[in-house]
Amino acid sequence: MADDNNSKLISTLDRSVHPPHLYPAYTSTVKRAPANALMPVAQKISDLTGPTYGEGTIGELDSDLTKNSVVNGEPVGERIIVVGRVLEESGRPVPNALIEIWQANSTGRYIHNRDQHDAPLDPNFRGAGRCLTNSKGEYRFVTIKPGAYPWRNHENAWRPAHIHLSVFGRNFNSRLVTQMYFPGDPLMALDPIYLGLPEKARPLLISSYAHDITEPEWALGYRFDIVLSGSRQTPFE
Amino acid sequence: MTEQKTPLLQTSSQTVGPFFHYGLIFGEEHILVNEHTLGQRIIITGTVFDGDGEPIPDALVEIWQADVNGYFDHPEDPNHDKADKHFKYFGRSDTVKNGVYSFKTVKPAVATCNNDTQEAPYVCVRVFSRGMLIHAVTRMYFPNEKNNETDVLLNSIDANRKQTLIARLVENNDLPTYHFDIHLQGAEETVFLDL
Ligand SMILES: [Fe+2]
């Protein structure tokens, strides 16, 4: 592999769709955003490789958040099924991608010990799960629809309902941490974390209602596809 | 399969937020070695600081590196069959204790498959936190490496900022301990990479 600053074997983060480091309306970015320009760098084998996951990574109930932390009954709230595919930019599916999720319960409360929101915890809902994509890049979680919750960014600030996702793709450069939102949530238009995204990128973070995934008498379905950077560079026509 | 004519838009990053620990931190992921791993054990530790020089106690630091012989256990490495199966290559740590992260690992060799006699060994680092809409990427280099003088990346950085990528060796511990502080902003801001 030549050490050539111009060679890019895999795609890097597309800065036109990712949020900037500094977005002052989200006040915590002000002291945490690097001020210097990011340095261009030649790709190395360390960028083409990354952690791999397979059999044994995931336990049987890991992807069912309505079952994986039951103590004395079912968690309270609206049961949902979230499905989607993890894809490269070419549309090629990414199998064995590890997806980890964490979220608030139906009242908008995280089980995290630093969450001080005055809303009840649910003894039967921890709000964390993981799964691996199958050979077609598909994943599926069963969970409870998270509630909106207040935060201290500005007066009367509320986060829209969201699920946090962490994804490992084919290499370390495809690493992504993001949030999935729900269609029609009026809080998105007021949320500086969501609004920190370039406009063209925003719709891609909103899941769509999927009636084909909805199971009668049981749970509503949502679809959320994830496209990762770190794709092999192939010429596009 | 379905190859697109034009590339799909990447899904954008969003902040990891303050409450990721119970979703992402599983027991021992900051320990990359077991009793069978090849190589001298080292500690890599440091503090993540904000622009006021305050430690950030809700950051997530991830590392990815070669093994002690310069191999990666991943099919893209042509020598991956020689990679140490007892090494974990990937690690993650929170910074709950005063902004301090810590890893127990081995010192990587220069990646063999790069065939680059001028390259210096390094560890890939990613930093996530509340207040970061997107993570920051950097590399940690080791002090007193002769190839630090010839490495293409290190040499492309101004002398005064280059030091932000080179860890400090602290001798007074059981294991060789490399201190690598990460300054997201400020006079000592770490050099972050466009990857
Ligand atoms: Fe959240």
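Two strands count as paired here if DSSP finds at least two bridges between them. By that rule E3(A) and E8(A) qualify, with 6 bridges joining the two strands in an antiparallel run. The model is a predicted one, so everything below is read off computed coordinates.

Let's stay with chain A for a moment. Within the E3(A)–E8(A) pair, Trp102(A) sits opposite His164(A), the latter in E8(A). Both strands belong to an open sheet of 4 strands, ordered E4-E3-E8-E9 in chain A and paired antiparallel. At the edges of this sheet are E4 and E9 of chain A, each of which pairs on one side only. On average, neighbouring strands are turned by 25° against each other, if direction is ignored.

Chain B has an open sheet of 4 strands too, this one in the order E3-E2-E5-E6, and again the pairing is antiparallel. Its edge strands are E3 (90-94) and E6 (136-141) of chain B, with a partner on one side only in each case. The average turn between neighbouring strands of this sheet, direction ignored, is 25°. Inside it, strand E5 (residues 122-129) of chain B pairs with E6(B) in the antiparallel sense over 6 bridges. Val125(B) stands opposite Thr138(B), which is in E6(B).

Now for the interface. The size of an interface is often given as the accessible area lost when the parts come together. For chain A and chain B the buried area comes to about 7,200 Å², with carbon and sulfur atoms giving 57% of it. Three residues, Arg32(A), Met39(A) and Phe172(A), supply 12% of what chain A buries against chain B, more than any other three residues. In terms of contacts, 89 residues of chain A touch 70 residues of chain B.

What about polar pairing across the two chains? The rule finds 43 residue pairs in polar contact across the interface, both partners being at pLDDT 80 or more. The chain A side draws at least two residues from each of several elements, including strand E1 (39-40), helix H1 (45-48), strand E3 (98-103), strand E4 (128-132) and helix H2 (192-195). Its largest share, 5 residues, comes from E9(A). Sorted by type, the chain A side splits into 43 nonpolar, 25 polar and 21 charged residues.

Side chains of opposite charge can pair when their charged atoms come close. Over all chains the structure holds 22 salt bridges, and the count between chain A and chain B is 9. One of these inter-chain links pairs Glu119(B) with Lys44(A), their closest N and O atoms being 3.5 Å apart. Glu119(B) lies in the loop between strand E4 (100-106) and E5 of chain B, while Lys44(A) lies in the loop between E1 and H1 of chain A, so the pair joins two chains. Another salt bridge brings together the side chains of Asp194(B) and Arg15(A), at 3.3 Å from N to O.

Asp194(B) turns up again in backbone pairing between the chains. Strands of a sheet pair through backbone hydrogen bonds, either parallel or antiparallel. E1(A) and strand E10 (residues 193-194) of chain B go for the parallel sense, over 2 bridges. In this pairing Pro40(A) stands opposite Asp194(B) of E10(B). Asp194(B) therefore features both in the salt bridge with Arg15(A) and opposite Pro40(A) under the strand-pairing rule.

Terms used:
Residues are numbered from 1 along each chain as its sequence is written. Chains are lettered from A and ligands numbered from 1 in the order in which they are written. Side-chain values use heavy atoms; hydrogens and water are left out. Contact means heavy atoms within 4.5 Å. Buried area is the accessible area (1.4 Å probe) that two parts lose on being put together, summed over both. A salt bridge is a side-chain nitrogen of Lys or Arg within 4 Å of a carboxyl oxygen of Asp or Glu. A polar contact is a pair of N or O atoms within 3.5 Å; within protein, one must be able to donate a hydrogen and the other to accept it, and residues adjacent in sequence count only if both atoms are side-chain atoms. Ala, Val, Leu, Ile, Met, Phe, Trp, Tyr, Cys and Pro count as nonpolar, Asp, Glu, Lys and Arg as charged, and the others, Gly among them, as polar. Axes are lines fitted to C-alpha atoms, for helices over the stretch in contact, and angles run from 0 to 180 degrees between N-to-C directions.
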